[in-house]
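Here's a quick tour of a structure you have open in front of you. Keep the viewer handy and hop between the spots as they come up.

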Amino acid sequence: LFIVFVLLLVGNSVGHPQCLDYRPPFKPPFHLEFCTEYETFGCCDQDTDNAIAERYWDIMDFYDIQGYELCGGFVKDILCQECSPYAAHLYDAENPYTPLRNLPGLCFNYCSEFHVKCHSVVKLLTDDKHIQETCEKDRFMFCSLLNLPDQDYCYPNVLQNTILNRNLGSMVQDRSGCLQLCLIEVANGLRNPVLMLHSNDDTHRMFVGEQLGFVWIYLQDGSRLEEPFLDLSGTVLTTPWLGDERGFLGLAFHPQYRHNGRFFIYYSITVWDKVDKIRISELKVSAHDMNTADPHSERVIFEIEEPAANHNGGQLLFGLDGYMYIFTGDGGKAGDPFGKFGNAQNKSTLLGKVLRIDVDGSSKDGKPYRIPPDNPFISDKSALPEVYAYGVRNIWRCSVDRGDPVTHRGRGRIFCGDVGQNRFEEIDIIVKGGNYGWRAKEGFECYDVKMCHNSSLDDIPPIFAYSHHKGKSVTGGYVYRGCESPNLNGLYIFGDFMSGRLMALQEDKRTGTWKEKSICMGETQTCSFPGLINHHHKFIISFAEDEAGELYFMATSYPSAHSPFGTIYKFMDPSRRASPGKCKHKPLPIKVKGKRIPFVAQALTVLDSNAQPPTRAPPKRLKLTTQPPVTNVLPTTTRPTTAVQRSTTPQTTSTKKPVYQPVTTKKPVHQPVTTKKPVHQPVTTKKPVHQPVTTKKPVCKPATPRKGLKKGSKSKAGKPSRKKVSPGAGVTKPKVKLNPRATQKPGTVGLHNIPSRAPATSRPAGTLRKQKGSKTGKGPSEFLIKAHSGS
């Protein structure tokens, strides 16, 4: 019982990594030089890391060597929590409606040590008056204010918690190993959306086809054009019957669509009110509007008579070879009862086949297409030359694998879901001349026993099959090759129409076999990001891929061609995202002549369904790093002091306060209340009385770097210079700015002449990682001192 309790406790303690922009963490594309503890996974790229380093040095400008050694580690620890994968928890920023902290949550013991040694630095870390006043009054109240209710997430406990840091960045799984994903609702109110695809013309438009015969255009901002791209509702055969498979079923854009405007459609028609057929036609886009098809340009490629109302197939796609592939059903009814061996095994019929044609020409016998010269049965007189593969029952949704973005492994493979009869559903990879077994086999098992044991069958088994205990009608999907969710790369994601189950297959690259991975909707904590939902409609109709490679699926709550409950969802991995800027793309401009209908979400997001009433408006743009103290307001703020700080300038009226101490609530003795100018301060009336003489040159002029210094060498004063490095850039001359606020005696230690001794955690000389694209291999770690948390 104790073991079970521990397992349950561990299972319920799964972390929820989240950044201050309310999104998942990421792996930085380049080495971080300052907040190095988060360079493998966190919330900072190199630009943010450099900004935090600048903030750090601006604060440390106020301290001498003793203050630097005492407080540098604390300041660095606190500032770098913006890079923590749990930054949102540390700052109470789990959603846009909660009050954002000014400082990260600190564990009480750590905070107490920080307060004892460096409480004065709080005025430079935050401008929150309440925090500043509490810090000055009482250490216990101050640390209670910064502490978090959940001690697992306060710093530094969050670094030491093995449960929170276990498998950080990997996909979240439940106890049964089911992958937890979340969804984004992108469209709704559609009538049985059967397909969605892009035109591959860099416009990033999405074309959504309804079973009724309408094709709508959705723009990247989520809006839909008011007028349809194509309206075939008066021609397409549909009925309001529940589960009717006839209608507008397929669409494919020519690979050169951006230049020739050609596209192809697959739909059901009826002739003389008693003969059902499927028609494959070619159309062109309007010459006057890029968002409208020319309805008068239709050219019929061919028609196939359907002996029954079901098993209509419906997939069109272009392979990497430039040829068009057509996927037909076996003709319908049950068990493929047509002929001695059924339509699927009969290569002299077009039903139950994968067909391949060349639409860029016409044949000698007058057909509006040509037969590719390498079609497998072109020399077989008993077979139709269009046949590319056979033995399929009712393929519903296929896709072409883009291939791994780095190695291109798998590029060009065609995955299909083939709907089974009574026992099994299957996923196939289509190859030239392949026989996929129907009706001899269903999945891996025999269906027609006599045909199954025929030695001449030579069928290709599916890569995966599942029984009707999981689902009863497979919907083929896509191999994820997008950018936004790196953990999904290489997973073939598909689903089942009847059960609403989402599934994935992962390939073993050594053996070529595929292993199932179930997909579950993420729990409330897992999907607690703005805009995410963790539920969808039951009936999964189709899957889609946008121009950037991101995956979607279409589902409805009532599978009728006239039912307006169709919704489109986008997959999202809540455990890890791509680094900022990596997935950006600039679509080509789109000329819109009509109105746009903005998208209005209907599904309730996880945060909306569980959040408390808003306490603040969502920020339009979150600024991740705070700015250093403004120069013109610092003279009115008390200069920070440390436990070992000493006076560096002559004192006038008190031995406890240096002369650069700004005006406090109690006026200094040497400053009269009259309007007469003080004798010892020869300044003009335009300048504040507390400013030093402008003609006097500051004594603490920072030492500039000497030319010719080698890697690891130091300036004359011994303190490393600070530099900012951008990806791929070499080391440039450091910019040293004079700080008029830190006036010192000659010989005292300031920001730019700290002795050469660095904290023990700094990178040893010679171990600097070379920057990508850098000619010299030098980086900020030669100049930035890695602070520590001890005294």
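Let's start in the loop between S17 and S18, which is where Arg439 sits. The peptide bond leading into Arg439 from Trp438 is cis, with omega near 10 degrees. Bear in mind that this is a predicted model. From here we'll look at the cavity, the backbone oddities, the sheets and the helix packing.

**Around the cavity**

- How many cavities of 30 Å³ or more does a search of the whole structure find? The search turns up three.
- The second largest cavity has a volume of about 70 Å³.
- Trp438, whose bond to Arg439 is cis, is one of the residues lining that second largest cavity.
- The lining also includes Lys441, Glu442 and Gly443, along with Phe424, Glu426 and Tyr436.
- Other residues of the lining are Gly391, Arg393, Asp418, Val419 and Gly420.
- Two strands each supply at least two residues of this lining: S17, spanning 424-430, and S18, spanning 441-442.
- By character, the lining of the second largest cavity splits into five charged, four nonpolar and three polar residues.

**Backbone oddities**

- As a general backdrop, most peptide bonds are trans, and most residues other than glycine have a negative phi.
- Tyr155 to Pro156 is a cis peptide bond, with omega near 10 degrees.
- Pro156 belongs to the loop between H8 and helix H9, the latter covering 157-160.
- Asn192 isn't a glycine, but its phi is positive, near 45 degrees.
- To find Asn192, go to the loop that links strand S1 (179-190) and strand S2 (193-197).

**The eight-stranded sheet**

- S1 also turns up in an open sheet of eight strands, ordered S21-S22-S23-S24-S1-S27-S26-S25, with mixed pairing.
- Why is one side of S21 and of S25 left without a neighbour in the sheet? Strand S21 (474-479) and strand S25 (539-545) stand at the edges and have a single partner strand each, so one side of each stays unpaired.
- On average, neighbouring strands of this sheet are turned by 35 degrees against each other, direction ignored.
- Within the sheet, S23 (residues 502-507) and S24 (residues 514-521) pair in the antiparallel sense over six bridges.
- For a concrete handle on that pairing, Leu502 has Ile519 in S24 as its bridge partner.

**The four-stranded sheet**

- Another open sheet has four strands in the order S7-S8-S9-S10, and the pairing is antiparallel.
- Its edge strands are S7 (248-253) and S10 (293-306), each of which pairs on one side only.
- The twist from one strand to the next averages 25 degrees.
- Strands S8 (residues 262-271) and S9 (residues 275-285) are joined by ten bridges in the antiparallel sense.
- Tyr266 has Ile280 in S9 as its bridge partner.

**Helix packing**

- A pair of packed helices is described by the angle between their axes and the distance between the axes.
- Helix H3 (residues 65-79) and helix H5 (residues 108-118) have axes that come within 10 Å and cross at roughly 135 degrees.
- That angle makes H3 oblique to H5.
- What is the hand of the crossing of H3 and H5? The crossing is left-handed.
- H5 also packs with helix H8 (residues 139-146), at an angle of about 130 degrees and with the axes 9 Å apart.
- H5 is therefore oblique to H8.
- The crossing of H5 and H8 is right-handed.

Key:
Residues are numbered from 1 along each chain as its sequence is written. This is a predicted model: local features need pLDDT of at least 70, side-chain atom pairs count only at pLDDT 80 or more; totals for chains, interfaces and linings use all residues. Side-chain values use heavy atoms; hydrogens and water are left out. Two strands pair if DSSP finds at least two bridges between them. Axes are lines fitted to C-alpha atoms, for helices over the stretch in contact, and angles run from 0 to 180 degrees between N-to-C directions. On a 1 Å grid over the protein atoms alone, a cavity is a set of points where a 1.4 Å probe fits but cannot get out, and a pocket is an open set with protein on both sides within 12 Å along at least five of seven lines; lining residues have an atom within 4 Å of a point. Grid points are joined across faces, edges and corners, and a volume is the space filled by probe spheres set on the points. Ala, Val, Leu, Ile, Met, Phe, Trp, Tyr, Cys and Pro count as nonpolar, Asp, Glu, Lys and Arg as charged, and the others, Gly among them, as polar. Angles under 35 degrees count as roughly parallel, over 145 as roughly antiparallel, 65 to 115 as roughly perpendicular and the rest as oblique. A crossing is left-handed if the near helix is turned anticlockwise from the far one by less than a right angle, and right-handed if clockwise.
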